[in-house]
Amino acid sequence: AGLRASSWSARCERLLAAALAQGEVTRAQVARQLSTSERTLQRRLAAEGHDFQSLLATLRRDLACDYLGRGIT
């Protein structure tokens, strides 16, 4: 997604992508995996101009487009 590899946004996005393959994912799960609180994760993402819900929505959209492009319904 063009995010810096070491940014909180990129780290969060990688965890979201892996977790979505297993089903739904929450901010609490991602924060726990990053060894931080939900609020701290929220602040760090905001400092980079992102938020959890937007990252999740963008990732879902990108995955859906990829699946449709490959004929997966």
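The accessible surface of the protein is about 4,800 Å², and 50% of it belongs to carbon and sulfur atoms; accessible areas come from the Shrake-Rupley method with a 1.4 Å probe, and for residues only the protein chains shown count as cover. This is a predicted model, in which local features need pLDDT of at least 70, side-chain atom pairs count only at pLDDT 80 or more, and totals for chains, interfaces and linings use all residues. Residues are numbered from 1 along each chain as its sequence is written, and side-chain values use heavy atoms, with hydrogens and water left out.

The protein has 4 helices and 0 strands, in the order α-α-α-α from the N terminus. Helices (H or I, at least four residues) and strands (E, at least two) are DSSP runs, numbered from the N terminus. The C-alpha trace spans about 40 × 25 × 20 Å along its principal axes. For 73 residues a compact globule would have a radius of gyration near 11 Å, and the 13 Å of the protein agrees with this; the radius is taken over C-alpha atoms, and the globule rule is 2.2 Å times the number of residues to the power 0.38.

Of the 73 residues, 29% count as buried, where buried means under 20% relative accessible area, exposed over 50%, and partly exposed in between (1.4 Å probe, protein chains only). The largest nonpolar core has 15 residues, and C12, L16, V25, V30, L41, L45 and F52 have the most contacts inside it. Helices α1 (8-20), α2 (27-33), α3 (38-47) and α4 (52-69) each give two or more residues to this core, and the largest share, 5 residues, comes from α1. A nonpolar core is a set of buried Ala, Val, Leu, Ile, Met, Phe, Trp, Tyr and Cys residues joined through side-chain atoms within 4.5 Å.

C12 lies in helix α1, whereas T36 is in the loop between α2 and α3. The table gives their burial and their contacts (heavy atoms within 4.5 Å), leaving aside neighbours within four places in sequence.

| Residue | Relative accessibility | Contacts |
|---|---|---|
| C12 | 0%, buried | V30, L45, F52 and L55 |
| T36 | 17%, buried | W8, A31, L41 and R44 |

C12 and L45 are 33 residues apart along the chain, and their C-alpha atoms are separated by 8.7 Å. V30 touches C12, L15, L16, V25, L41 and F52, not counting residues up to four places away in sequence. Among contacts between residues at least 6 apart in sequence, 51% join residues at least 24 apart.
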